[in-house]
There are 2 protein chains.
Amino acid sequence: MAKVIIIGAGGVGGVVAHKCAQLPAVFSDILLASRSEDKCVAIAADIERMQGRVIRTAQVDADNVPELTALLEAERPDLVINVALPYQDLHIMDACLAAGVDYLDTANYEPLDTAKFEYKWQWAYREKFERAGLMALLGSGFDPGATNVFTAWIAKHHFDEIHTLDIIDVNGGNHGYPFATNFNPEINIREVTAECRHFENGEFVATPAMSEKMEFTCPEGVGTYNIYRMYHEELESLVVNFPTLKKAQFWMSFGDSYLKHLEVLGNVGMTGIEPVEFQGQQIVPIQFLKALLPDPASLGPRTVGKTCIGCVVTGIKDGVEKTVYVYQVKDHQDCYKEVQSQAISYTTGVPAMIGAKMMLEGIWKKPGVWNMEQMDPDPFMADLNKYGLPWTVIEDYKL
Amino acid sequence: MAKVIIIGAGGVGGVVAHKCAQLPAVFSDILLASRSEDKCVAIAADIERMQGRVIRTAQVDADNVPELTALLEAERPDLVINVALPYQDLHIMDACLAAGVDYLDTANYEPLDTAKFEYKWQWAYREKFERAGLMALLGSGFDPGATNVFTAWIAKHHFDEIHTLDIIDVNGGNHGYPFATNFNPEINIREVTAECRHFENGEFVATPAMSEKMEFTCPEGVGTYNIYRMYHEELESLVVNFPTLKKAQFWMSFGDSYLKHLEVLGNVGMTGIEPVEFQGQQIVPIQFLKALLPDPASLGPRTVGKTCIGCVVTGIKDGVEKTVYVYQVKDHQDCYKEVQSQAISYTTGVPAMIGAKMMLEGIWKKPGVWNMEQMDPDPFMADLNKYGLPWTVIEDYKL
């Protein structure tokens, strides 16, 4: 029996609220809060209709620390689940510290004015959370999140020492638009156009965005896709927490048409984050582009196909080299039927709910700021199977 | 000895001013006027340095008919050369009528809010100009303009009856940018994304934009290019003035990269002319795009290669079917050296100067509103050879 406040009413916020509502024994009181309360109210209506539960809603500006602190002090929740924008992480952590509430998020802090995400800002909160006796769990989505737990589980059960990690994120979905992004277009495009970094021989190595690609055939007939190496935030914590790793890379699938659109929009300056003067106003091109593109929330009903996200790990067990691949396949339309979202939001929202459940049940519970792989993976892996994200392990799946 | 006012200080306005300045015996007094007088002043400084002549400048809002009329009444020019935006044609014609001044332009009127250009609005001024004893010469650029005169010249000297006309506009230039437009991007993109219309068997037939293409090898080693059928305004008057035409088409070359950029920008809505609400302001996407793209005026120094524009006409002479091709090839860098503009502006600006010269010398002079092909082509063709746009005729050049 616990009370949670979910901050953020985008695609992921909706999934988290639906999934928490499905577990009243754990999440007995749910408040969904956002800058736009009307979005919360719409999600709450779906939840009442589909899950048969009433959740509460509130309006809050998560960037306003005193305002959010006041809400937390009035509500006294056991946990804040932050699924707002990454720009807002530090403000929400500050409010949790001020009000004495545990914290969970799905994506690490990223300053508004530079396309650069790093854990350093959030890791700097470790002592504060420890001293307050509070816990902050970082990156409890799918990637980061489930991918960190997959890595920890593989290392624990299949290896004496792990040497290489390849995280592979394939979206085989099709929404029928010539171009749309599956989550906040601004975050999506900033991520994809950023310089690639991968870890090799003790350091991160930079290469141009999208310069390394390979063909990857997914299991279970999901299909064959071009996957491109890019930087992704879980690499930063995983190479720290698994110091035997010699190489760690993240790969994501992109269709030719998606890349063509991104190249052109980049060429003409539409993906820029620097404001330009237009009609006497400062306009950030990528924000204007976002206003033109389909709302990611509108993709749910029209997206068909499957996602396939997993980790390929090589290493040594009993003196022998081997490879283990753990992956999860999810059908977009199945997600839409269950929680009115496509699989991109679903696969992020379910691990957020499970991370929260781990904390509220006291299974994962220690003061400080933690990444997912620092916790025991077994109970989380069991819950993935139970709550909509069943996974499979294959030995010797060759890349 | 005549006084002209040139309205418009974009790329074409600059070329017209330079070329008029080169002929002081005809253009003895030149006033260059624009909404932004600083642009006029910059062109005037180039002209003083390069052509050794002083021209005057003025600030005028060409959309403000009383303001423009007052300027014309104060200056009493012999002719207004309108190289402003096509949206402004009717306002400038109104001011010419009010002040009793002859008129010339290079592109027909197009309403601001629909991507549709037609002569009907300007042809409706015929009686007014006739009654006032004034002349308006429409479309005295290259295409329309030189292409109309080429057609008239071919019909006059090579055929008893012409049957088909293919106007072919190849730009083999390269500016080195991934995407930029050679003249006002808004006009350029509106033109290219418009439905195609060509004339066949007595009527205009609509087909989707860019749906018909062929490979075309230019003469004089300019190269082989994909050319695409599109609507272009001279077709409207040419099929009226040459009623024996059974088929008339316009073709323009586009590179694959240009088309890719255009397709993507269209897909995401960036070429739209309907305002969208953004940050409490109404923003027209194509105008914001224009603000991001390189200024066409900046392409001059960096564009290399050649243009090749001409007309392929088939018909009957002495009972025998034949084909005649008249074309003009111009080198971008040669234009830049002469008048600080690339060939796209040059090939439009020179025929505007020659059309003005025809009127001021009384060679083309009759009250009313006229298209180029209604005048005797011979003196205009002779002046093209003399003033920078020499042309060539080839018989039996097969498409």
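A salt bridge here is a side-chain nitrogen of Lys or Arg within 4 Å of a carboxyl oxygen of Asp or Glu. The exercises below concern a predicted model, and each task is followed by a worked solution.

**Exercise 1. The two domains of chain A**

Task: Find how chain A is divided into domains, and describe what lies between domain 1 and domain 2 of chain A, including any salt bridge across their interface.

Solution, step by step:

1. Begin with the bounds: domain 1 of chain A covers 2-138, while domain 2 is made of 146-341 + 391-395. The centres of these two domains, taken over C-alpha atoms, are separated by 24 Å.
2. Turn next to the contact, to which domain 1 of chain A gives 25 residues and domain 2 of chain A gives 18 residues. Between them the two domains bury about 1,700 Å², with 52% of this area on carbon and sulfur atoms.
3. Look for charged pairs across the interface of domain 1 and domain 2 of chain A, where the rule finds one salt bridge. Lys19(A) and Glu338(A) form a salt bridge in which the closest N and O atoms are 2.6 Å apart, and that distance lies within the 4 Å cut-off.
4. Add the polar contacts, of which the rule finds five residue pairs across this domain interface, both residues being at pLDDT 80 or more. On the side of domain 1 of chain A that touches domain 2, the elements giving two or more residues are helix H1 (11-21), helix H2 (37-51) and helix H5 (120-123). By class, that side of domain 1 has twelve nonpolar, six polar and seven charged residues.

**Exercise 2. The interface of chain A and chain B**

Task: Work out which parts of chain A touch chain B, and how much area the two chains bury between them.

Solution, step by step:

1. Count the residues in contact, which are 24 in chain A and 24 in chain B.
2. Take the area: about 2,200 Å² is buried between chain A and chain B, 71% of it on carbon and sulfur atoms. Within chain A, the residues that lose the most area to chain B are Val268(A), Phe278(A) and Phe288(A), which together account for 27% of what that side buries.
3. Search for pairs across this interface, where the rule finds two salt bridges and six residue pairs in polar contact, both at pLDDT 80 or more. The side chains of Glu263(A) and Lys260(B) meet in a salt bridge, with 2.8 Å from N to O.
4. Assign the surface to elements of chain A: helix H10 (256-267), strand S13 (276-278), strand S14 (281-283) and helix H11 (285-292) each supply at least two residues of the side that touches chain B. The residues of that side divide into 15 nonpolar, seven polar and two charged.

**Exercise 3. The relation between the two chains**

Task: Determine what turn and shift lay chain A on chain B, and which residue of chain A comes closest to the rotation axis.

Solution, step by step:

1. A turn of 180° with a shift of 0.0 Å along the axis lays chain A on chain B with an RMSD of 0.0 Å. The two chains are therefore related by a two-fold axis.
2. Among the residues of chain A, Val264(A) comes closest to this rotation axis, its C-alpha being at 3.4 Å.
3. Both copies use the same surface, since 100% of the contact residues of chain A recur in chain B.

**Exercise 4. Local features of the chains**

Task: Locate the cis peptide bond at Asp143(A), the residue with a positive phi at Asn201(A), and the partner of Lys322(A) in a salt bridge.

Solution, step by step:

1. The bond between Asp143(A) and Pro144(A) is cis, with omega about 5°, and Pro144(A) is found in the loop between strand S6 (135-138) and helix H7 (146-158) of chain A. In chain B, the peptide bond from Asp143(B) to Pro144(B) is cis with omega near 10°.
2. Asn201(A), although it is not a glycine, has a positive phi of about 50°, and its place is the loop between strand S8 (196-200) and strand S9 (203-207) of chain A.
3. The partner of Lys322(A) is Glu395(A), with the closest N and O atoms 3.5 Å apart. This pair links distant parts of the chain, as Lys322(A) belongs to strand S16 (residues 320-331) and Glu395(A) to strand S18 (residues 391-395) of chain A, 73 residues apart.

Note on methods
Residues are numbered from 1 along each chain as its sequence is written. Chains are lettered from A and ligands numbered from 1 in the order in which they are written. This is a predicted model: local features need pLDDT of at least 70, side-chain atom pairs count only at pLDDT 80 or more; totals for chains, interfaces and linings use all residues. Side-chain values use heavy atoms; hydrogens and water are left out. Contact means heavy atoms within 4.5 Å. Buried area is the accessible area (1.4 Å probe) that two parts lose on being put together, summed over both. A polar contact is a pair of N or O atoms within 3.5 Å; within protein, one must be able to donate a hydrogen and the other to accept it, and residues adjacent in sequence count only if both atoms are side-chain atoms. Helices (H or I, at least four residues) and strands (E, at least two) are DSSP runs, numbered from the N terminus. Ala, Val, Leu, Ile, Met, Phe, Trp, Tyr, Cys and Pro count as nonpolar, Asp, Glu, Lys and Arg as charged, and the others, Gly among them, as polar. Domain bounds come from an automatic or database domain assignment. Copies are superposed by least squares on the C-alpha atoms of residues with pLDDT of at least 70 in both.
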